[in-house]
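Reader: I would like to learn how to read salt bridges, pockets and cavities from a set of coordinates. Please take one feature at a time.

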Amino acid sequence: MVKTALKLRFAPDEYLVTWQLPSVGGDETLAAHGALTVEAGKPPKGIAHGDLDTLLEHPAPGVTGFPQRLSVPKLTGYMANGANVLLLNAQVNYWVSSQASIYAEAAVITLASVTGDGADRFKTFEIQVGGLDAVSGVELIKSTKFPKQGMSGTWSAEIGSDHAQTWEDETAKLTLSYNGTFRSFDPYAFRMGFSPVLRGELATAVPLRELLDDWISPIRRVVSIATGRAEELTYAALYLSSTGGDVHGQLFGSAITQEPYESSLEEVRKVSSPLRLKPDAVSLLEMTRTWQKMASVHHPLLETYGAMLHATDQHPRSRFLLLLQAIEGTYGFETKASFAKRLKKHAEDRDAVVKAASGSLNDKQLTFLQKNLGKRPPAGLESAINWLAKRLPDDVLSRLDATSLITSAKAPTGEAKNAPDALRIIRNDLAHGNRGYDVFELSEVVRILELMVRAHALELLGCPVSVVERVLTQGR
């Protein structure tokens with residue numbers, strides 16, 4: 001395991017545990033020996049063994065049916081290394097009277113007590129997400145000094161005092177700072193390193209699922225949009241609100257890699273994030289709050305593009321279709337008011353046309369007219385592409401026009417009149433299986449479409465125009 005400034009207290013491994021197993025039909029518990037397995041990126045699982053018959057239901061004396069299962073919001077255990085484990089949203093399966101298998105959504109391993117009331121609700125968390133240092137816009141080491149000749153002399157570094165960023169509102173507080181590690185007492189080596197860490201503090205303790213859905217997952221996705229990469233959740237810790245202390249518990253579960261990283265200039269430059277929170281004066285808390293609001297109204301951009309952020313192995317065909325769905329859905333959502341006016345005007349004009357024609361058409365002709373004269377004004381992918389292109393501070397339509405796929409669709413023998421029309425035709429071909437397209441040519445268009453969607457997503461999340469411009473210019 002690579003040593004970093006942000007250290008794991010507990011490594012992914014198998015641990016010996018004494019479980020407090022619940023009974024199937026009542027409130028009784030029984031201490032049972034067993035083990036806990038926690039792995040990187042996977043839900044925890046456990047096993048217990050011993051005489052578990054008293055925990056089982058017996059439909060008749062001497063009769064026991066299997067399997068027997070029960071779900072519990074929390075299950076606790078005492079680990080052989082002296083720590084405690086809290087399993088959240090656990091399921092216990094009894095297949096025989098001497099053994100039980102345990103599966104859970106997540107595990108918290110901590111030195112704090114896990115048995116108090118409210119131990120499964122949390123107010124404070126710490127996480128590390130990939131690219132967090134690039135998005136922060138902060139460089140810790142302001143200057144360095146070293147001998148001009150040879151090794152002899154003084155080596156020093158000045159660390160800025162303004163590296164932490166804090167954003168706060170009435171019910172939440174986010175602080176982005178760095179953990180440091182220093183090797184200064186070794187007569188043969190001298191080094192320092194820093195790992196970005198985001199700490200969240202809520203006014204009210206919430207269950208794990210709410211914490212994940214409302215805070216940890218949105219923050220990870222906001223950072224992923226900013227960097228343009230599928231960023232990993234490398235570390236997560238929770239503070240048990242029931243203890244009231246400052247002892248945290250390490251969180252194990254799906255999508256937590258347990259591989260915290262240390263910042264380096266090379267990696268930050270490689271990411272080249274268009275969003276830099278501190279110099280751009282952007283609040284990560286406000287961006288997260290905006291994400292929460294958009295999620296509560298099922299904004300199409302979040303449920304299409306937001307949902308595909310961590311799908312790194314998608315074929316260009318599926319990514320093309322999903323990006324166009326995101327653009328079309330966002331256009332419809334954000335132009336509801338103007339479309340309602342157009343719909344009202346269209347209905348009035350339609351009624352007027354039908355009324356004017358009724359005097360010169362027979363019943364059959366009039367029925368045909370009413371059936372085939374649209375009740376809704378024209379709206380589709382072309383309108384959506386043009387709408388988004390006008391909003392963005394760059395000529396994205398010209399960039400689409402320059403791609404091989406769009407050029408061939410508009411060729412003298414092609415059907416398309418312009419880039420939006422070409423995208424409509426290609427989308428229909430792919431969606432209905434009419435024909436396929438070259439993967440490289442699709443990828444070229446997908447890259448531009450993703451820049452358009454990503455730029456608009458950052459705009460919706462509250463980023464200034466300068467950030468949106470950087471997204472589009474860096475993608476050239």
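**Salt bridges, empty space and a surface patch**

Author: Lys142 and Asp162 pair through their side chains in a salt bridge, with 3.8 Å from N to O. Lys142 lies in strand S8 (residues 141-145), while Asp162 sits in the loop between strand S9 (156-159) and strand S10 (165-168), so the pair, 20 residues apart, links distant parts of the chain. Keep in mind that this is a predicted model.

Reader: What is the general idea behind such a pair?

Author: Side chains of opposite charge can pair when their charged atoms come close. In this structure the search finds 19 salt bridges.

Reader: Are Lys142 and Asp162 buried or exposed?

Author: Neither label fits, because partly exposed covers the range between under 20% (buried) and over 50% (exposed). Lys142 is partly exposed because its relative accessibility is 47%. Asp162 is partly exposed too, because its relative accessible area is 39%.

Reader: Which residue forms a salt bridge with Lys410, and how far apart are the closest N and O atoms?

Author: The partner is Asp401, and the closest N and O atoms are 2.8 Å apart. Lys410 has a relative accessible area of 30% and is therefore partly exposed. Asp401, at 27% relative accessibility, is likewise partly exposed.

Reader: Which residues are joined into one network by salt bridges that share partners?

Author: Glu382, Lys417, Asp421 and Arg424 form that network. As a further pair, Glu39 bridges to Lys42, with 3.8 Å between the closest N and O atoms. Glu39 counts as partly exposed because its relative accessibility is 28%, and Lys42 does so at 43%.

Reader: Now empty space. How many cavities of 30 Å³ or more does the structure hold?

Author: First the idea: rolling a probe the size of a water molecule over the atoms shows where empty space is left. Here there are two cavities of 30 Å³ or more. The largest cavity holds about 50 Å³ of space. Its lining consists of Ile225, Trp291, Met294, Leu301, Leu302, Tyr305, Gly306, Ala457 and Leu461. Helix H5 (284-296) and helix H6 (300-304) each give at least two residues to that lining. By class, the lining has eight nonpolar residues, one polar and no charged.

Reader: What lines the second largest cavity?

Author: Leu301, Ala326, Ile327, Thr330, Trp387, Leu388, Val453 and His456 do. Helix H7 (316-334), helix H10 (381-391) and helix H14 (439-460) are the elements that give two or more residues to this lining. H7 has the largest share, with three residues. The volume of the second largest cavity is about 40 Å³, and its lining residues are six nonpolar, two polar and no charged.

Reader: How much space lies in the largest pocket, and which residues are closest to its centre?

Author: The largest pocket holds about 550 Å³ of space. It is lined by 20 residues, and the closest to its centre are Val138, Glu139, Ser264, Leu265 and Val268. Helix H1 (132-136), strand S12 (191-207) and helix H3 (265-271) each contribute two or more lining residues. The lining divides into nine nonpolar, six polar and five charged residues.

Reader: Last, the surface. Which residues make the nonpolar patch?

Author: Ile141, Ile159 and Phe182 make a nonpolar surface patch of about 250 Å². Phe182 belongs to strand S11 (residues 172-183). Because its relative accessibility is 48%, Phe182 counts as partly exposed.

Key: Residues numbered from 1 in each chain as written. Predicted model: local features only at pLDDT ≥ 70, side-chain atom pairs only at ≥ 80, totals over all residues. Heavy atoms only, no water. Patch = residues over 30% accessible without salt bridge, like charges linked within 9 Å, V, L, I, M, F, W, Y side chains within 5 Å. Areas by Shrake-Rupley, 256 points an atom, 1.4 Å probe, with all protein chains shown as cover. Salt bridge = Lys/Arg side-chain N within 4 Å of Asp/Glu carboxyl O. Helix = DSSP H or I, 4+ residues; strand = E, 2+ residues; numbered from the N terminus. Buried < 20%, exposed > 50% of the residue type's maximum accessible area, 1.4 Å probe, protein only. 1 Å grid on protein atoms, 1.4 Å probe; cavity = no way out; pocket = protein on both sides within 12 Å on 5 of 7 lines; lining within 4 Å. Points joined across faces, edges and corners; volume = space filled by probe spheres on them. Nonpolar A, V, L, I, M, F, W, Y, C, P; charged D, E, K, R; others polar.
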